[in-house]
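Reader: Please take one helix of this model and go through it closely, then place it beside a few other local features. I would like the reasoning spelled out where there is any.

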Amino acid sequence: MSMLSALALGGTTTAKPLPLTPPQNHRNKLTEHNQRHSLKPNLTFHTRFQFQFLSISSPSLRKLPRLRVSSSNNAQFNSVPEESQLPQQKQSNFIEFITSERIKVVAMLALALGLCNADRVVMSVAIVPLSLANGWSRSFAGIVQSSFLWGYLLSPIAGGVLVDNYGGKVVMAWGVALWSLATFLTPWAAETSLLALLVVRTMLGMAEGVALPSMNNMIARWFPQTERARAVGISMAGFLLGCALALTLSPILMSQGGIFSPFVIFGLSGFLWVLVWLSATSSTPDRCPQISKFELEYILNKSQKSFPVEIAKPKKVKVVPPFRRLLSKPPTWSLIVANAMHSWGFFIVLSWMPIYFNSVYHVDLRRAAWFSAVPWVVMAVMNYLAGLWSDMMIQSGKSVTLTRKIMQTIGFVGPGLCLIGLVTAKNPSLGSAWLTLAFGLKSFSHSGFLVNLQEIAPQYSGVLHGISNTAGTLAAIIGTVGVGFFVELVGSFQGFLLLTSLLYFLAALFYCLYSTGEIVNFDDPAG
């Protein structure tokens, strides 16, 4: 065994002659020197890398332990160390997480999604006084409210392409600015003409279509894979709390400042958010001047095997994504089916549960304080807990694929079982308990398909989100309209709830069969 091999094994004893031997007197001196002096740990950078290269390149030594030495050059040449070589104090903990720059980014995303949902929901509160003031029928009021979906149906795919090309920071800023402008102009549009109101509401839907793709893009850039579900949970908690806030505050603001006061306040809040977002956040961690060296190294190290944080210029995504190849892969369809079912169930509960409780239990949920706040708060809390649990599973060694399937199964099978419980409930208290539990379990989906969008195609996550979001919007429209026709034909709300429960089970099965947590190659024409 050569001296180099001995060093690769970490040995510090007498070295045998090398194959290319020096003269005998030099050999004796070398042996004498090695016997008297043990090898020092502070080897030069050049020598250390010779040993590492030898241990890797030699087939017989490939499986042997690598020599570990300390050097003053470590800091210079190992700016992003391997995960196993990170010092113990450099492991992220709760205190570091809540004081980091990335938590500021996700907090701003949560505020943006809260405003997004509040601006959307406030019309559902204002539509009653607006209808009375303008003499609108119920059907016509439904057309006014649905105008939001017209725009929202069109924009997610285009917004996803923009996000993939220009990044989440810029696209989110434009989106919030435009939907805040639409919200702020709603009072003027309502007093000007019906056409102006429909145009403004459509503009609101188009602008909000970029919110979720932008959120996903920013989280993929700022958070390692072991923290992404938690980050999505925080962001979507903001989205849900925005609904609770709008439903709670809008009646108060209207009673104090008139019908249009919530639109003005929420619109101005959006403009303020844009100013803070542009001045206080960066598109990627390496461009953030406030980020600590530790946090940057932690994000870069943890992200090496998933979505790459852009240190250099990112690879430019084609202006026209490969839609045909995207739609040819089963994992894409697992995301489309999951998003469609998620939206179907959500909008059916949101739109028809008040009517269901009124017809079955003779209870007006619109006047029940718990329906305005409790389900959304429960869903927000469960959202974060699901994300935290999901991240802990991955950190403990569970595969990403298995983790996403577990989360999605809970997010679909749970609400499916709760709807069966709701159908069998004999009183409104038990029914409301089943409904609240369904909301809470449904939030596990955000740690399933919603995070999965970032993982199977990082370079196309925006457009994939747009495609699945469009499918979700179509499902929401079909499901919301279909309830009325189903009840007229069958004469039973319970039948439609059981049908929705069955669809939940089938969607969970489809997702488990065809989803993956690994990167899918969408750029290979033969794939």
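**Helix 21 and other local features**

Author: On one side of helix 21, Leu509 and Leu513 are exposed; this is the side other than that of the buried residues. The model is a predicted one.

The length of helix 21 can be checked first. Helix 21 covers residues 493-514, which is 22 residues, and at 1.5 Å a residue these should span 32 Å. The end C-alpha atoms are 32 Å apart, so the span agrees with the expectation.

The buried residues of helix 21 are Phe493, Phe496, Leu497, Thr500, Ser501, Tyr504, Ala507, Ala508 and Tyr511. Around the axis of helix 21 they cover an arc of only 145°, which means that they lie on the same side of the helix. An α-helix has 3.6 residues a turn, so residues three or four places apart point the same way. Several helices take part in covering the buried residues of helix 21, including helix 15 (330-360), helix 17 (400-424), helix 18 (428-442), helix 19 (449-456) and helix 20 (461-490).

Helix 10 can be set beside this. Its 12 residues should span 16 Å at 1.5 Å a residue, and its end C-alpha atoms are 17 Å apart, which agrees. Helix 10 is mostly covered, with 12 of its 12 residues buried. Among them are Pro213, Asn216, Asn217, Arg221 and Trp222.

The loop between helix 10 (211-222) and helix 11 (228-257) contains Glu227. Glu227 has a relative accessible area of 2%, and therefore is buried, the cut-off being under 20%. The side chain of Glu227 makes a polar contact with the side chain of Arg102, at 2.8 Å.

Aromatic rings come next. The structure holds 14 aromatic pairs. In one of them, the ring centres of Phe294 and Tyr298 are 6.1 Å apart and the planes are at 35°, so the pair is tilted. Phe294 and Tyr298 are four residues apart in helix 13 (residues 293-303), and therefore about one helical turn separates them. Both Phe294 and Tyr298 are buried. Elsewhere, ring pairs link Phe346, Phe347, Trp376 and Phe439 into a cluster.

A ring can also face a charge: the charged end of Arg120 sits over the ring of Tyr152, 5.1 Å from the ring centre.

Definitions and conventions. Residues numbered from 1 in each chain as written. Predicted model: local features only at pLDDT ≥ 70, side-chain atom pairs only at ≥ 80, totals over all residues. Heavy atoms only, no water. Phe/Tyr/Trp six-rings, centres within 6.5 Å; stacked < 30°, edge-to-face > 60°. Helix = DSSP H or I, 4+ residues; strand = E, 2+ residues; numbered from the N terminus. Buried < 20%, exposed > 50% of the residue type's maximum accessible area, 1.4 Å probe, protein only. Lys NZ or Arg CZ within 6 Å of the ring centre and 35° of its normal. Polar contact = N/O pair within 3.5 Å; in protein donor to acceptor, adjacent residues only side chain to side chain. Expected span 1.5 Å × (residues − 1). Arc of directions from axis to C-beta. Contact = heavy atoms within 4.5 Å.
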